[in-house]
Amino acid sequence: MAERNAPQRTLESWKQIAAYLDRSERTVRRWEASEGLPVHRRRHQKQDSVFAFRHELEAWRQRRIDGPAEDGLPPSTREVAGSGVSSYLLEHDAITRTMHCYIAAAREGNGELFRPACHPQATMAGYCQGVEYSGSMEHVFAWVTANGPAPNIEPRFARIEIVETIALVHLEVQKWTGRLLGAPARASDVFTLLRVNGEWKITHKVFHWQD
Amino acid sequence: MQSTQYPSEYDAIVRTMQHYIEGCRHGRSDQMRGAFHPQSSFFGYAGGNLVTGTDFLFHWIDDNGPAPGIEPRIVSVDILETIAVVRLEVAGFSGKLAGADVRMSDVFTLLKTDTGWTIIQKAFHWH
């Protein structure tokens, strides 16, 4: 019964998350997209709802205050000392935070949310309706914005593999809708990431739209 | 993909990769260039410096020269319709630039085009 008196562990909306961090909803949404603010989603029939754990927000805030390490290592690597948390899990989490920029961009229909996750020289390739597209990631930023919101997308990480300074992410996305896509579509994507100055950046995206 | 298609697609992907491996072994970029898509990219750290672009790779292969003792191993081949991922480990890399007995881990992504499977990106890590 002690739990009844414990403070509420989760924040149940953007409004509550924003109030907890004493910022506007717009700011905390941007932090999720570009700075890895740990926000979770529940899937519903129509639109997803968001929630966040207080302890995760506190850990995120602490990392942000600490800033990047002078030795160039990611903050996650420094935290390993004495914490008992494996560096693999921390690298894995850092990779999914980078990937969530892509997912947030797709959901909101705003390609600019994806830009901070990418290396400046990032490229893409794949087929869309039988036509091959290959070149700068700018095409993806523009396409995501032109396609507009896709509030019901369901992303799943099929594979995350870390090889020292490089990583491979296979992402399956279904129920992707929008102005360009129309009916719900399913995409298979493989992203290659590189750890640059302690941060995981996407260097390449190759995609296949499932029929 | 139907399971009956996998072996033939796998073999075609491995043939493409073989051009890369033979280019490394002989120190001849001309043997591997045809395996790369015109828009392909290249990323990784060499001696602590980030290097990018397939031009860098091709020049490096030519300047490094033969690496007759390389031991390449394909760790995985994943095929998703028109795209594929190959994990390659190469041990025993040697040469004028590589030095002796270096190990390299590679992630290749490939795209299936009208002319077959081509490498669209190589990302690597030197050990």
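Q: A salt bridge is a side-chain nitrogen of Lys or Arg within 4 Å of a carboxyl oxygen of Asp or Glu. Which residue of chain A does Arg87(B) meet in a salt bridge?

A: The partner is Glu161(A), with N to O at 2.8 Å. Note that this is a predicted model, where local features need pLDDT of at least 70, side-chain atom pairs need 80 or more, and totals for chains, interfaces and linings use all residues. Residues count from 1 along each chain as written, chains are lettered from A and ligands numbered from 1 in written order, and side-chain values use heavy atoms, without hydrogens or water.

Q: How many salt bridges are there between chain A and chain B, and how many over all chains?

A: Two salt bridges run between chain A and chain B. Over all chains the count is 20.

Q: Which residues are linked with Arg87(B) in a network of salt bridges?

A: The network joins Arg159(A), Glu161(A), Asp78(B), Arg87(B), Glu89(B) and Arg103(B). Take its pairs in turn. Arg159(A) and Glu161(A) meet at 2.5 Å, N to O. Glu89(B) and Arg103(B) meet at 2.9 Å, N to O. That second pair links distant parts of the chain, 14 residues apart. Glu89(B) sits in strand S4 (residues 83-95) of chain B, and Arg103(B) in strand S5 (residues 99-113) of chain B. Strands are DSSP E runs of at least two residues, helices H or I runs of at least four, both numbered from the N terminus.

Q: Is Glu89(B) buried or exposed?

A: Start with the cut-offs: buried is under 20% relative accessible area, exposed over 50%, partly exposed in between (1.4 Å probe, protein chains only). Glu89(B) has a relative accessible area of 14%, so it is buried. Its partner Arg103(B) is at 40%, so it counts as partly exposed.

Q: What salt bridge does Glu154(A) form?

A: Glu154(A) pairs with Arg156(A), the closest N and O atoms being 3.2 Å apart. Glu154(A) counts as buried because its relative accessibility is 13%. Arg156(A), at 46%, is partly exposed.

Q: How do I read the area buried between chain A and chain B?

A: Buried area is the accessible area (1.4 Å probe) that two parts lose on being put together, summed over both. Here chain A and chain B bury about 2400 Å², and carbon and sulfur atoms give 66% of this. Tyr127(A), Ile166(A) and His208(A) supply 19% of the area that chain A buries against chain B, more than any other three residues. Contact means heavy atoms within 4.5 Å. The contact takes 31 residues from chain A and 30 residues from chain B.

Q: How many residue pairs are in polar contact between chain A and chain B?

A: A polar contact is an N or O pair within 3.5 Å; within protein, one atom must be able to donate a hydrogen and the other to accept it, and sequence-adjacent residues count only through side-chain atoms on both sides. There are 12 such residue pairs between chain A and chain B, both residues at pLDDT 80 or more. On chain A, strands S4 (118-128), S5 (131-136), S6 (154-163), S7 (166-178), S8 (182-196) and S9 (199-210) each supply at least two residues of the side that touches chain B. By class, that side has 10 nonpolar, 15 polar and six charged residues. Nonpolar covers Ala, Val, Leu, Ile, Met, Phe, Trp, Tyr, Cys and Pro; charged is Asp, Glu, Lys and Arg; the others, Gly among them, are polar.

Q: Which side chain does Gln121(B) join in a polar contact?

A: Thr203(A), at 2.9 Å. Gln121(B) lies in strand S6 (residues 116-126) of chain B. Its relative accessibility is 0%, so it counts as buried. Beyond four places in sequence, Gln121(B) touches residues of chain A, including Thr192(A) and His204(A), and of chain B, among them Phe42(B) and Phe108(B).

Q: How many disulfides does the structure hold?

A: A disulfide is two cysteine sulfur atoms within 2.5 Å. The structure holds zero over all chains. The sulfur of Cys101(A) has its closest cysteine sulfur in Cys118(A), 8.5 Å away, too far for a bond. Cys101(A) is buried, at 5%. Cys128(A) is in no disulfide either; the nearest cysteine sulfur is that of Cys118(A), 18 Å away.

Q: Where is Tyr102(A) found?

A: In helix H5 (residues 87-108) of chain A. Tyr102(A) is buried, at 2% relative accessibility. Its contacts beyond four places in sequence include Phe114(A), Trp176(A), Asp189(A) and Lys205(A).
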